[in-house]
Amino acid sequence: MTEMACEIFDEESGTQLKYRQLINHPKYREIWMHSSANEFGRLAQGIGGRIQGTNTIFFIHKYQVPVDRLGDVMYAKFVVELKPNKAEVHRT
């Protein structure tokens, strides 16, 4: 696999795979699920002793959003990247 503009090139199939395709692919699912869990943990309150959180985001239930603020709710767009020179090679 090589890095290409927020998609990962799968040399076996010759196609670019986005996050959703990677987490549904039997060969790549575990790697990219682990990567995204690390990133959520880093942004939120951490993951046990593995990742320290920064409290940047907090997850709440939809019913906790005031009705007048429902239009302000944002959803994340997942992108993937290979960083061969970093400790965490697979980044979400």
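**View 1. Thr92 and Ser35 touch side chain to side chain, in a polar contact of 2.7 Å.** A polar contact here is a pair of N or O atoms within 3.5 Å; within protein, one must be able to donate a hydrogen and the other to accept it, and residues adjacent in sequence count only if both atoms are side-chain atoms. Keep in mind that this is a predicted model, where local features need pLDDT of at least 70 and side-chain atom pairs count only at pLDDT 80 or more, while totals for chains, interfaces and linings use all residues. Residues are numbered from 1 along each chain as its sequence is written, and side-chain values use heavy atoms, with hydrogens and water left out. Thr92 sits in the segment after strand 5; helices (H or I, at least four residues) and strands (E, at least two) are DSSP runs, numbered from the N terminus. A polar atom of the Thr92 side chain also lies 3.5 Å from the backbone nitrogen of Ser36. With a relative accessible area of 19%, Thr92 is buried (buried means under 20% relative accessible area, exposed over 50%, partly exposed in between, using a 1.4 Å probe and protein chains only). Setting aside neighbours within four places in sequence, Thr92 is in contact with residues including Tyr19, Trp32, Phe78 and Val80, where contact means heavy atoms within 4.5 Å.

**View 2. Here is helix 2, with its buried residues picked out.** They are Trp32, Ser35, Ser36, Asn38, Glu39, Gly41 and Arg42. What do they pack against? Strand 2, helix 1, strand 4 and strand 5. As for length, the 15 residues of helix 2 should span 21 Å at 1.5 Å a residue, and its end C-alpha atoms are indeed 21 Å apart; the expected span is 1.5 Å times one less than the number of residues.

**View 3. Arg42 and Glu88 pair up in a salt bridge.** Their closest N and O atoms are 2.5 Å apart, and a salt bridge is a side-chain nitrogen of Lys or Arg within 4 Å of a carboxyl oxygen of Asp or Glu. The pair links distant parts of the chain, 46 residues apart: Arg42 is in helix 2, and Glu88 is in the loop between strand 4 (81–82) and strand 5 (90–91). Glu88 is partly exposed, at 26% relative accessibility. Zoom out a little, and a network of salt bridges links Glu39, Arg42, Glu88 and Arg91.

**View 4. Two other salt bridges are shown here, starting with Glu12 and Lys27.** The closest N and O atoms of Glu12 and Lys27 are 2.6 Å apart. Glu12 belongs to the loop between strand 2 (7–10) and strand 3 (15–17), and Lys27 to the loop between helix 1 (19–24) and helix 2 (29–43), so this pair too links distant parts of the chain, 15 residues apart. Glu12 is exposed at 63% relative accessible area, while Lys27 is partly exposed at 45%. Arg69 and Asp72 form a salt bridge as well, at 2.6 Å from N to O. Across the whole structure, a search finds 7 salt bridges.

**View 5. Ala44 and Asn55 are in contact in the loop between helix 2 and strand 4.** Is Ala44 buried or exposed? Ala44 is buried, with a relative accessible area of 7%. Beyond its neighbours within four places in sequence, Ala44 is in contact with Gly53, Thr54, Asn55, Thr56, Ile57 and Phe59. Asn55 has a positive phi of about 55° although it is not a glycine, and it is partly exposed, at 43% relative accessibility.
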